[in-house]
Amino acid sequence: MVQIKACLFDLDGVIVDTAKYHYIAWKELANELGFDFTEEDNERLKGVSRMRSLDILLEIGNKTLTEEEKLQYAEKKNTNYVSYIKKMQEDEILPGVKKFLTDLRNNGIKIALGSASKNAPLILNQIGLTSYFDEIVDGNSVSNAKPDPEVFTKGASLLGVEPKDCVVFEDAVAGIEAAIAGGMYSIGVGDAETLSEANFVIKGFEEMTIDRLQF
Ligand code: BG6
Ligand code: MG
């Protein structure tokens with residue numbers, strides 16, 4: 001049996017529900033470009049990098065932009081998104097997360113963030129969780145997006161823990177695939193059917209205890 005030495009957390013959809021702010025900001029951009037963008041469409045953007053998200057959005061709206069225009073629109077969406085996350089507060093941390101992070105610390109289990117978002121440091125700061133993380137790996141520090149394992153293998157190596165002693169918490173299929181590709185255990189957060197590749201799935205952190213970190 002393996003006793004886990006480190007936990008790596010995705011941010012969006014695991015620690016906070018920022019998908020709603022991404023959705024509003026992408027929808028406003030789509031409307032400006034003359035088409036609609038539904039909540040169902042938004043599911044396709046979970047765990048996906050900012051530029052890849054824009055490509056999917058443009059595919060939905062059947063629009064073609066130059067590379068320069070794409071950069072401008074991605075920047076515009078981000079400025080709008082940041083205006084929402086700057087209003088975030090501690091009460092937006094998803095239920096059970098803070099208690100579980102505290103339990104990990106009290107049990108000597110290391111903690112890292114592994115997020116695709118370039119806004120991860122800002123979000124952690126807004127919700128007052130920065131100090132809970134031993135290491136932070138985000139969209140600014142990796143060159144390969146999930147399902148590439150880089151964001152998690154980099155986190156494990158910064159923590160000085162071998163991948164086989166790590167578990168990843170993820171709400172996106174690409175994130176579970178990244179954990180598997182990195183040789184780590186994974187716990188899905190969300191829908192059991194969607195995240196069936198994970199070792200097991202929880203609906204939220206109220207269900208999660210240290211005893212369950214045994215594989
Ligand atoms: C991921 C989100 O965590 O970060 C995606 O699930 C998002 O929806 C991606 O596109 C990049 O985020 P940001 O903040 O760098 O635009
Ligand atoms: Mg996520």
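# Exercises on two domains and their pockets

The count between domain 1 and domain 2 comes to 0 salt bridges. Keep in mind that this is a predicted model. Let's work through four exercises.

**Exercise 1.** Describe the contact between domain 1 and domain 2.

*Solution.*
- Begin with the bounds: domain 1 covers 6–17 + 90–213, and domain 2 covers 19–85.
- Next, take the C-alpha centres of the two domains, which lie 24 Å apart.
- Now count the residues in contact: domain 1 gives 11 residues and domain 2 gives 11 residues.
- Then turn to the area buried between the domains, about 990 Å², with 50% coming from carbon and sulfur atoms.
- Finish on the side of domain 1: Asp17, Glu92 and Asn119 supply 40% of the area that domain 1 buries against domain 2, more than any other three residues.
- For salt bridges, a side-chain nitrogen of Lys or Arg must be within 4 Å of a carboxyl oxygen of Asp or Glu; the count between the domains is 0.

**Exercise 2.** Place the largest pocket relative to the two domains, and work out what lines it.

*Solution.*
- The volume of the largest pocket is about 670 Å³.
- Its lining has 35 residues, and Val48, Ser49, Arg50, Ala116 and Ser117 lie nearest the centre.
- Helix H1 (19–32), helix H3 (50–61) and helix H4 (67–85) are the elements that each give two or more residues to this lining.
- H4 provides the largest share, 6 residues.
- Sorted by class, the lining has 13 nonpolar, 13 polar and 9 charged residues.
- Domain 1 and domain 2 both give residues to the lining, so the largest pocket lies between them.

**Exercise 3.** Characterise the second largest pocket by volume and lining.

*Solution.*
- The space in the second largest pocket is about 330 Å³.
- Its lining has 18 residues, with Gly13, Asp171, Val189, Gly190 and Asp191 nearest the centre.
- By class, 8 of the lining residues are nonpolar, 4 are polar and 6 are charged.

**Exercise 4.** Find the backbone features at Pro147 and Asn62, and say where each residue sits.

*Solution.*
- Recall the usual case: most residues other than glycine have a negative phi, and most peptide bonds are trans.
- Check the bond joining Lys146 and Pro147: this peptide bond is cis, with omega about 15 degrees.
- Locate Pro147 in the loop between strand E3 (135–137) and helix H7 (150–159).
- Check Asn62: its phi is positive, about 55 degrees, although Asn62 is not a glycine.
- Locate Asn62 in the loop between H3 and H4.

Conventions
Residues are numbered from 1 along each chain as its sequence is written. Chains are lettered from A and ligands numbered from 1 in the order in which they are written. This is a predicted model: local features need pLDDT of at least 70, side-chain atom pairs count only at pLDDT 80 or more; totals for chains, interfaces and linings use all residues. Side-chain values use heavy atoms; hydrogens and water are left out. On a 1 Å grid over the protein atoms alone, a cavity is a set of points where a 1.4 Å probe fits but cannot get out, and a pocket is an open set with protein on both sides within 12 Å along at least five of seven lines; lining residues have an atom within 4 Å of a point. Grid points are joined across faces, edges and corners, and a volume is the space filled by probe spheres set on the points. Helices (H or I, at least four residues) and strands (E, at least two) are DSSP runs, numbered from the N terminus. Ala, Val, Leu, Ile, Met, Phe, Trp, Tyr, Cys and Pro count as nonpolar, Asp, Glu, Lys and Arg as charged, and the others, Gly among them, as polar. Domain bounds come from an automatic or database domain assignment. Contact means heavy atoms within 4.5 Å. Buried area is the accessible area (1.4 Å probe) that two parts lose on being put together, summed over both.
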